[in-house]
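I opened this structure as a newcomer and kept notes on what I looked up, one topic at a time. The entries below follow the order in which I went through it.

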Amino acid sequence: MKIIFLVDSNKESGLGHLSRNIVFAKELKKKRFNIIFFVTSYFAKQICFKEGFMAEKKNNLEKYNYPKADAIVIDSYHISSSYMSSLKKNYFLRILISDKTPKNCDCEIVINHNLYAKNLNYSKFKHSKILKGPKFNLIDKKFFIKMKKRNNITVFFGGKDNGLLSFLVVKELIRFFDQKINVLIAGFHKPNKELIKLSNENNLVKIIHNKFNNSILEKSSIFIGSSGVVAYEAYMSKIPSVIFAKSSNQKMNSIELKKNGFKVIDRFSPKLFAKEAYKLFNTKKKIQHNFTYGTNKIVNEVIKILK
């Protein structure tokens, strides 16, 4: 069986949409599904290739006639409800992945894997299967494996950041820590020059650029950054974190993560990030939850419908 993925992943939308769909696609591939990605940047296309998937780059996901398939997965804020409805003639199963409650959606499955999804009202989607909350998480299985040794700090302010925000925070962190600090920068950007200079001058600061799905985070003792997908990965991996919300859905995410032990900074303050991270490190803060890998549960629902 064939499944097509339409995914926004560029300087504006960041990496989160793509990373969760790669996890989804890998689980489908285990069940012998053929996968094709259509994405909105060359960096996203490159990631798909590296992860073993065919991919094409499209500037506008709506303006293209896609090949027929058994199912289509859409993860984009720029797909209209009318376009979603028009896909019914070519795809038996339409799957929408969204961090928000869509105003109107004609599809068979809606997925919102965020912690706050339990608070959203999906009652109007009477003909859609709703898979919501962390039970149906799209987080890589490796983040649920307990690591024996964690001694690094990971800093990542999302796919939109070229390293400027990270530089400002890391400049404060090195006053408090003598651990290695890994700074993640998405391949959409060239790393900030000041950050490069700081890394060259301090051998504890390492820039991880143009890489995807690496094992840096899972080996970290603390995560510092925006309240996006990487923060969710840190939560599932039970890594104490200091986070900052950069968008509306991240604000909803940060509220739930705060309830579950994360330190949430209300305003961007490099000094405050460093001080709170130092407190976390010294108090040996522990994150507790009983969630397990959830993407296999989503794939089971897909197979039920396609049988």
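**Entry 1: the open sheet**

I began with the strands, and I found six of them forming an open sheet in the order β10-β9-β8-β11-β12-β13, with parallel pairing. I note at once that this is a predicted model, and I read every value here as computed from it. The edges of the sheet are β10 (205-209) and β13 (263-265), each of which pairs on one side only. I also looked up how the neighbouring strands of this sheet are turned against each other, and the average is 20 degrees, direction ignored.

For a closer look I chose one pair inside the sheet: strand β11 (residues 220-226) and strand β12 (residues 241-244) run in the parallel sense and are joined over four bridges. Which residue of β12 stands opposite Ser226? I found that Phe244 does.

I then asked what lies across β9 (181-185) and β10, and helix α5 (residues 193-201) is the element I found there, running at about 135 degrees to β10. On the edge strand β10 itself I stopped at Ile208, which is buried with a relative accessible area of 8%. I also recorded the separation between the C-alpha atoms of Ile208 and Lys271, which is 23 Å, while the two residues are 63 apart along the chain.

**Entry 2: helix α7**

Next I turned to helix α7 (residues 248-259), whose twelve residues reach 17 Å from the first C-alpha to the last, close to the 16 Å expected at 1.5 Å a residue. Its buried residues are Asn249, Gln250, Asn253, Ser254, Glu256 and Leu257. Looking down the axis of α7, I see that these buried residues fall within an arc of 165 degrees, so they line one face of the helix. On the other side of α7 I noted Lys251, Lys258 and Lys259, which are exposed.

What do the buried residues of α7 pack against? I listed β11, α6 (229-236), β12 and β13, and of these β11, β12 and β13 also belong to the six-stranded sheet of my first entry. Just after α7 comes Gly261, for which I wrote down a positive phi of about 105 degrees.

**Entry 3: helix α2**

I put the same questions to helix α2 (residues 42-50), where Phe43, Ala44, Ile47 and Cys48 are buried. They cover an arc of only 145 degrees around the axis, which puts them on the same side of α2. The face turned away from that buried side carries Tyr42 and Lys50, which are exposed. The partners against which the buried residues of α2 pack are α1, β2 (34-39) and β3 (54-57). Just after α2 I found Gly52 with a positive phi of about 95 degrees.

**Entry 4: salt bridges**

How many salt bridges does a search of the whole structure find? The search gave 13, and I followed up some of them one by one.

In one of them the side chains of Arg20 and Asp99 meet at 2.7 Å, N to O. This pair links distant parts of the chain, since Arg20 sits in helix α1 (residues 16-30) and Asp99 in the loop between β5 (93-97) and β6 (109-112), 79 residues apart. I checked whether the two are buried or exposed, and both Arg20 and Asp99 are buried. Asp75 also enters the picture, as Arg20, Asp75 and Asp99 are linked in a network of salt bridges.

Another pair is Lys129 and Glu301, whose side chains meet in a salt bridge at 3.9 Å, N to O. Lys129 lies in strand β7 (residues 129-132) and Glu301 in helix α9 (residues 295-306), so the pair ties together parts that are 172 residues apart in sequence. Lys129 is partly exposed, with a relative accessible area of 39%, whereas Glu301 counts as buried at 15%.

The last pair I looked up is Glu172 with Arg175, where the closest N and O atoms of the salt bridge are 2.6 Å apart. Glu172 is buried, with a relative accessible area of 12%, while Arg175 counts as exposed at 60% relative accessibility.

Technical notes: Residues are numbered from 1 along each chain as its sequence is written. This is a predicted model: local features need pLDDT of at least 70, side-chain atom pairs count only at pLDDT 80 or more; totals for chains, interfaces and linings use all residues. Side-chain values use heavy atoms; hydrogens and water are left out. Two strands pair if DSSP finds at least two bridges between them. Helices (H or I, at least four residues) and strands (E, at least two) are DSSP runs, numbered from the N terminus. Axes are lines fitted to C-alpha atoms, for helices over the stretch in contact, and angles run from 0 to 180 degrees between N-to-C directions. Contact means heavy atoms within 4.5 Å. The expected span of a helix is 1.5 Å times one less than its number of residues. Buried means under 20% relative accessible area, exposed over 50%, partly exposed in between (1.4 Å probe, protein chains only). The arc is that of the directions from the helix axis to the C-beta atoms. A salt bridge is a side-chain nitrogen of Lys or Arg within 4 Å of a carboxyl oxygen of Asp or Glu.
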